[in-house]
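Please open the model in your viewer and keep the selection panel at hand. The tour below starts with the whole chain and then moves to individual side chains.

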Amino acid sequence: MFKVSGKMFALSRLDRAPLAISLKCEPALAEQLRETYSAVLPGYHLNKRHWNTVIVDGSLPDQMIKDLIEDSYDLVVSGLPRVRQAALGWRSEP
């Protein structure tokens with residue numbers, strides 16, 4: 001489990017092959033990703049509206065996976081109080 005300020009933004013069993021990472025996602029984008037990519041599934045044992053499970057099997061570009069992880073982190077941090085965001089050095093995009 002990967003957390004920021006006590007809030008989970010990613011979940012994975014690192015010993016699983018292929019690797020699967022559950023990531024928080026905006027609901028509309030989550031649906032679009034599932035419809036477009038077979039390696040993106042509804043979040044396993046999570047709120048399927050807000051979470052996707054991404055199978056890292058080589059079918060998705062590495063940069064896309066990195067972007068999805070960063071988006072999940074940003075989504076969680078954006079919900080934190082501004083003081084906590086500032087302490088993390090996080091700034092929302094203009």
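With the whole protein selected and coloured by accessibility, buried residues make up 33% of its 94 residues, where buried means under 20% relative accessible area, exposed means over 50%, and partly exposed lies in between (1.4 Å probe, protein chains only). This is a predicted model, in which local features need pLDDT of at least 70 and side-chain atom pairs count only at pLDDT 80 or more, while totals for chains, interfaces and linings use all residues. Residues are numbered from 1 along each chain as its sequence is written, and side-chain values use heavy atoms, with hydrogens and water left out.

Switch next to a cartoon view, in which three helices and five strands can be picked out; helices (H or I, at least four residues) and strands (E, at least two) are DSSP runs, numbered from the N terminus. Followed from the N terminus, the order of elements is β-β-β-α-β-β-α-α. The radius of gyration of the protein, taken over C-alpha atoms, is 13 Å, close to the 12 Å that the globule rule gives for 94 residues, so the protein is as compact as a globular protein of that length; that rule is 2.2 Å times the number of residues to the power 0.38. If you reduce the display to the C-alpha trace, its span along the principal axes is about 40 × 30 × 25 Å.

Now select S12, which belongs to strand β2 (residues 7-12). Is S12 buried or exposed? With a relative accessible area of 14%, S12 is buried. Show its side chain, and you will find a polar atom of S12 lying 2.8 Å from the backbone oxygen of A20. Apart from residues up to four places away in sequence, S12 touches F2, L19, A20 and I21, a contact being heavy atoms within 4.5 Å.

Move on to S22, located in strand β3 (residues 19-24). The relative accessible area of S22 is 5%, and this serine is buried. Which side chain does the side chain of S22 meet in a polar contact? Add T53 to the selection: its side chain makes that contact with S22, at 2.8 Å. A polar contact is a pair of N or O atoms within 3.5 Å; within protein, one must be able to donate a hydrogen and the other to accept it, and residues adjacent in sequence count only if both atoms are side-chain atoms. To finish, display the other residues in contact with S22, neighbours within four places in sequence left aside, among them F9, L11, Y44 and W51.
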